[in-house]
Amino acid sequence: MRTITHWIGGKPTPGTSTRIGQVWNPATGEQQAEVVLGGAEDVRAAVHAAASAFETWSQSSLSQRTKVLFAFRELVNARTQDLAELVSDEHGKVISDARGEVQRGLEVIEFACGIPTLLKGDYSDQVSTGVDVFSFRQPLGVCAGITPFNFPAMVPMWMHPVAIACGNTFVLKPSERDPSASMLVAELWAAAGLPDGVFNVVHGDKEAVDALLDDAGVAAVSFVGSTPIARYIHERGTANGKRVQALGGAKNHAVVLPDAPIDFASDHLVAAAFGSAGERCMAISAAVAVGDAADELVAAVSEKARAVKVGPGRDSDSEMGPVVTAAARDRIVGLIGSGAAQGATLAVDGRGLSVSGYENGFFVGPTVIDDVRPNMDVYREEIFGPVLSVVRADSVDAAIALVNANPYGNGTAIFTSSGEAARRFQRDVNVGMIGINVPIPVPMAYYSFGGWKDSLFGDKHIHGPEGVSFYTRAKVVTSRWPHVTSRSEGGASIDTAASGASYHFPTAT
Ligand code: NAD
């Protein structure tokens with residue numbers, strides 16, 4: 001059995017903890033590797049390595065840093081297929097989808113390659129007579145990233161390229177369910193010329209996370225995962241004086257108006273609900289069908305859901321793979337059952353799907369649940385599986401009210417031909433990322449990614465300009481170089497300058 005170790009100080013490290021986690025192949029249902037689960041001592045070693053590396057990396061020039069970033073970009077690009085295969089084998093998603101996630105991660109690396117421009121400060125000449133003011137930003141120190149299973153390559157890349165480009169060092173605690181992609185990423189950073197200790201990986205679960213949150217050597221924590229854990233990370237990290245951004249779960253609604261082309265909308269809804277088996281924080285899990293749109297929409301979506309090709313992620317014919325673990329499958333199947341029990345209509349029931357040759361895999365088929373009401377568990381819970389709930393609403397305003405009553409505020413979309421309705425929607429919904437006839441509106445790397453309400457704790461969104469701001473702190477310098485005159489007195493040289501000092505609070509002159 002292959003053992004996945006930590007990566008500390010530039011090399012694979014077994015660590016001291018004896019705890020081990022199982023890594024499954026979700027398509028076959030078999031264990032394929034074991035991963036070491038780090039404890040406080042392993043976290044201490046990684047933070048120590050990162051803290052010593054910070055002493056030199058934080059002093060490296062922008063040219064030195066960008067040289068490494070450009071090399072890293074080339075290596076990740078060249079190894080996209082290898083990364084995608086590692087992701088697919090441990091997560092279960094189809095290879096084309098895994099390649100897509102690596103591509104979106106690469107875009108953040110490319111954004112970080114522009115760090116010299118992003119870190120340019122401000123300069124105000126002559127704010128007072130003979131006085132200038134300028135600002136610049138400096139790195140924080142050791143930054144930690146704690147990431148979820150559903151994007152094992154992309155979500156960490158939302159963090160470490162930006163943090164490292166800003167001059168910080170990094171300790172990544174990836175999901176223990178699909179840890180291998182992070183190890184290849186560590187090798188690629190090293191091959192790109194990143195000094196040892198700047199990027200470290202500690203595997204583990206709550207024990208390693210708590211050690212990171214409590215370690216005085218960690219300056220900032222970026223977290224992406226479920227809402228209860230995000231809230232906990234934010235509370236414990238900030239109580240320990242750290243800067244924390246904690247992105248949580250989601251329940252993304254797509255509102256479909258009667259004037260939307262139903263074929264177009266249903267194609268996109270099916271892809272957004274069942275792509276990656278619904279295990280995306282930006283997946284559409286609730287369709288809000290307004291007025292007359294409902295019957296036609298449910299019929300179209302159901303027909304397309306039945307046609308989705310479900311199979312192992314490695315099979316190029318598969319459009320949707322298994323879910324990540326047996327426990328995830330059982331939870332999703334249970335929630336589908338609760339929908340039927342609480343009075344919803346199972347238009348398409350994905351329970352009991354068996355994939356030939358992969359009978360032990362963790363598969364759930366695409367599921368469409370109609371006549372869902374907000375008090376049902378399928379609506380209230382983040383199912384995180386291939387389940388689309390359809391809620392019916394009378395008007396655009398009722399649809400917007402539904403979106404806003406939901407505790408989550410990650411992403412949402414509207415399908416319509418009306419610019420007026422779309423504009424009203426974009427202004428009135430309390431959601432961070434909005435799509436207009438675009439079901440999964442994940443912002444490009446040069447914008448920032450983040451939700452509202454229970455989808456984000458902290459004030460900075462991730463990557464893009466807010467990422468640079470999160471990973472740096474500002475200095476503002478007020479400077480004066482007085483004109484000095486020298487005179488000779490008794491053989492000694494005496495320097496004087498007009499002082500103009502006064503006892504009132506400084507004001508510009
Ligand atoms: P999770 O919250 O279970 O785990 C996330 C990380 O937290 C992992 O590294 C895990 O080891 C750690 N963790 C788990 N339990 C912990 C505990 N009790 N104490 C401390 N640390 C703990 O999430 P997941 O199941 O891996 O990922 C799916 C969730 O992530 C979904 O809710 C999804 O919506 C969310 N997500 C959100 C975004 C976003 O951008 N908002 C992006 C991707 C995923």
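This report describes selected strands, helices and residues of a predicted model.

## A β-α-β unit

Strand 19 spans residues 411–415, helix 15 covers residues 419–428, and strand 20 runs from 433 to 436. Together, strand 19, helix 15 and strand 20 make a β-α-β unit, and this unit is right-handed. The strands 19 and 20 run parallel and are joined by 4 bridges. One of the residues involved is Gly-411, whose bridge partner in strand 20 is Met-433.

In a regular strand, side chains alternate between the two faces of the sheet. Strand 20 shows such an alternation: Met-433 and Gly-435 point to one face and are buried, whereas Ile-434 and Ile-436 point to the other face and are not buried.

## Ala-413 in strand 19

Ala-413 belongs to strand 19. Is this residue, Ala-413, buried or exposed? Its relative accessibility is 0%, and the limit for a buried residue is under 20%, so Ala-413 counts as buried.

Residues up to four places away in sequence are not counted among the contacts of Ala-413 listed here. Ala-413 touches His-253, Ala-254 and Val-255, and also Phe-425, Gly-435, Val-438 and Pro-439. Of these, Gly-435 is one of the buried residues of strand 20. Val-324, by comparison, lies 89 residues from Ala-413 in sequence and 26 Å from it in space, taken from C-alpha to C-alpha.

## Two residues with positive phi

Asn-437 lies in the loop between strand 20 and strand 21. Its phi is near 60°, a positive value in a residue other than glycine. Asn-437 has a relative accessible area of 24% and is therefore partly exposed.

Lys-453 is found in strand 21, which covers residues 452–453. Lys-453 is not a glycine, yet its phi is positive, at about 55°. With 29% relative accessibility, Lys-453 counts as partly exposed.

## Helix packing

Two packed helices are described by the angle between their axes and the distance between the axes. Helix 4 (residues 95–113) and helix 6 (residues 154–165) pack with their axes 8 Å apart, at an angle of about 10°. This angle makes helix 4 roughly parallel to helix 6. The two helices, 4 and 6, have a right-handed crossing. On the side of helix 4, the contact includes Glu-101, Arg-104, Leu-106 and Phe-111, and on the side of helix 6 it includes Met-157, Trp-158 and Pro-161.

How do helix 10 and helix 11 lie relative to each other, parallel or oblique? The axes of helix 10 (residues 262–274) and helix 11 (residues 293–307) cross at roughly 50° and come within 9 Å. Helix 10 and helix 11 are therefore oblique to each other. Their crossing is right-handed. Among the residues in contact are Ile-262, Ser-266, Leu-269 and Phe-274 of helix 10, together with Ala-293, Leu-297, Val-301 and Lys-304 of helix 11.

## Two open sheets

One open sheet consists of 3 strands in the order 1-5-4, and its pairing is mixed. Strand 1 (2–4) and strand 4 (20–25) are the edge strands, each pairing on one side only. From one strand to the next, the twist averages 35°. Strand 4 and strand 5 (residues 30–36) pair in the antiparallel sense over 6 bridges, and Ile-20 has Val-36 of strand 5 as its bridge partner. Helix 3 (residues 80–91) lies across strand 1, strand 4 and strand 5, and runs at about 100° to strand 4.

Another open sheet has 3 strands in the order 6-7-23, with antiparallel pairing. Its edge strands are strand 6 (123–128) and strand 23 (472–480), and each of them pairs on one side only. The twist here averages 30° from one strand to the next. Strand 6 and strand 7 (residues 131–139) are paired over 3 bridges in the antiparallel sense, and Tyr-123 stands opposite Phe-134 of strand 7.

## Ser-486 in strand 24

Ser-486 is found in strand 24, which spans residues 485–489. Its relative accessibility is 53%; the limit for an exposed residue is over 50%, so Ser-486 counts as exposed.

Leaving aside neighbours within four places in sequence, Ser-486 is in contact with Ser-493, Ile-494 and Asp-495. Ser-486 and Tyr-446 are 40 residues apart in sequence, and their C-alpha atoms are 53 Å apart in space.

How values were computed: Residues are numbered from 1 along each chain as its sequence is written. This is a predicted model: local features need pLDDT of at least 70, side-chain atom pairs count only at pLDDT 80 or more; totals for chains, interfaces and linings use all residues. Side-chain values use heavy atoms; hydrogens and water are left out. Buried means under 20% relative accessible area, exposed over 50%, partly exposed in between (1.4 Å probe, protein chains only). Contact means heavy atoms within 4.5 Å. Two strands pair if DSSP finds at least two bridges between them. A crossover is right-handed if, with the strands pointing away from the viewer, the path from the first strand over the helix to the second runs clockwise. Axes are lines fitted to C-alpha atoms, for helices over the stretch in contact, and angles run from 0 to 180 degrees between N-to-C directions. Angles under 35 degrees count as roughly parallel, over 145 as roughly antiparallel, 65 to 115 as roughly perpendicular and the rest as oblique. A crossing is left-handed if the near helix is turned anticlockwise from the far one by less than a right angle, and right-handed if clockwise.
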